[in-house]
Amino acid sequence: MKLPAIALLALAAACGGGDEQTASTDTAAQGTETAAAPAPATDASAPAPAPGSGTVHDVKMVTTQNGASGQFEPAAITVKRGDRIRWTMADGTAPHNVSFSLAQGNPAGFTPPADSPLYTQAGQNFEVPADWAPGTYNYVCMPHAGMGMRGTITVTE
C-alpha cells in the first residue's frame, strides 16, 4: 500500500514541477526572443524573404592609417525599405561607431536612429532597420568624421 501512495506522490510532484519548469522556461525563452529579435527575424526571412524586406546588408568598420582614421566598407550601399543594415567592427585597433545624428545632408524630417556606442573589439556590431522613406541617408564615425569616415545608404521601395 505504501508503494502505490509513494508512486502517486512522485507522479503528482513531477506533473506540478513540470508545469512550473515549463512556465519559467517559456518566460526565459520569451525574454531571449525579445532580446535577440533581429537575428531570428533575419534567419526566418532568409529562406523565403518577403519582397523588399528581410535582407541584411553588412558594412565593416575598418581602421586605417595605424588607427588615425578609418573607413566603412562598402562606403555606399543601396537597400530596399525594410531591409536591415549591420555594421561590424573589423578590428580593435581604434574605436569606431555609427552616427546618423552628426552626419550632414539627411532628408528634412528624418528622425535618425540612436547613435551606436563606440566599439573597440573586433566582431562587435550595430544593426538598424532601413524603415525610412526612399532617399539617401548619410552617417559618420564620430571619432573619424573629420578624417572622412563617412557612409551613405540609398533606400529604394
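## Strands, core and aromatic rings in a predicted model

Setting aside residues up to four places away in sequence, His57 touches Ile77, Thr78, Val79, Asp83, Arg84, Ile85 and Arg86. These contacts belong to a predicted model. His57 itself lies in strand S1, which covers residues 56–64. One of the residues touched, Asp83, also makes a polar contact with His57, side chain to side chain, at 2.8 Å.

**The four-stranded sheet**

Strand S1 belongs to an open sheet of four strands, arranged in the order S2-S1-S4-S5 with mixed pairing. Strand S2 (69–73) and S5 stand at the edges; each has a single partner strand, so one side of each is left without a neighbour in the sheet. On average, and with direction ignored, neighbouring strands of this sheet are turned by 20° against each other. Within it, S1 and S4 pair in the parallel sense, and six bridges join them. Lys60 has Thr88 in S4 as its bridge partner.

**The three-stranded sheet**

A second arrangement is an open sheet of three strands in the order S3-S7-S6, again with mixed pairing. Here S3 and S6 stand at the edges with a single partner strand each, so one side of each lacks a neighbour in the sheet. Neighbouring strands of this sheet are turned against each other by 25° on average, direction ignored.

How do S3 and S7 run, and how many bridges join them? They run parallel, with five bridges between them. Val79 stands opposite Val155 in S7. S6 and S7, in contrast, pair in the antiparallel sense over six bridges. Asn138 stands opposite Thr152 in S7, and the bridge partner of Val140 in S7 is Arg150.

Strand S7 has two faces. Gly151, Ile153 and Val155 make up the covered face, while Arg150, Thr152, Thr154 and Thr156 make up the uncovered one. Read together with the pairing, Val155, the residue opposite Val79, is on the covered face. Thr152, which stands opposite Asn138, is on the uncovered face.

**The nonpolar core**

In soluble globular proteins, nonpolar side chains tend to be buried together. The largest nonpolar core of this model has 22 residues. Those with the most contacts inside it are Phe72, Ile85, Trp87, Phe100, Trp132 and Ile153. Two or more residues of this core come from each of S1, strand S3 (76–80), S4, S5, S6 and strand S7 (150–156). S4 gives the largest share, three residues.

Trp87 has a long list of contacts once its neighbours within four places in sequence are left aside. The list is Val59, Met61, Phe72, Val98, Phe100, Gln124, Asn125, Phe126, Val128, Tyr139 and Ile153. Phe72, Phe100 and Ile153 in this list are also among the core residues with the most contacts.

**Aromatic rings**

The structure holds ten aromatic pairs. In one of them, the ring centres of Phe110 and Tyr137 are 4.7 Å apart and the planes stand at 55°, so the pair is tilted. The two residues come from distant parts of the chain, 27 residues apart: Phe110 is in the loop between strand S4 (84–89) and strand S5 (125–129), and Tyr137 is in strand S6 (residues 135–140). Are these residues buried or exposed? Phe110 is buried because its relative accessible area, 17%, is under the 20% limit. Tyr137 is buried too, at 3%.

Both residues belong to one aromatic cluster, which is formed by Phe72, Trp87, Phe100, Phe110, Phe126, Trp132, Tyr137 and Tyr139.

**Backbone features in the loops**

Most residues other than glycine have a negative phi, and most peptide bonds are trans. Two residues in the loop between S1 and S2 have a positive phi although neither is a glycine. The table gives their values.

| Residue | Phi | Relative accessibility |
|---|---|---|
| Gln65 | about 50° | 58%, exposed |
| Asn66 | near 55° | 84%, exposed |

A further feature is found in the peptide bond from Glu73 to Pro74, which is cis, with omega near -5°. Pro74 lies in the loop between S2 and S3.

Key:
Residues numbered from 1 in each chain as written. Predicted model: local features only at pLDDT ≥ 70, side-chain atom pairs only at ≥ 80, totals over all residues. Heavy atoms only, no water. Phe/Tyr/Trp six-rings, centres within 6.5 Å; stacked < 30°, edge-to-face > 60°. Buried < 20%, exposed > 50% of the residue type's maximum accessible area, 1.4 Å probe, protein only. Polar contact = N/O pair within 3.5 Å; in protein donor to acceptor, adjacent residues only side chain to side chain. Contact = heavy atoms within 4.5 Å. Pairing = 2+ DSSP bridges. Axes fitted to C-alpha atoms, helices over the stretch in contact; angles between N-to-C directions. Core = buried A, V, L, I, M, F, W, Y, C linked by side-chain atoms within 4.5 Å.
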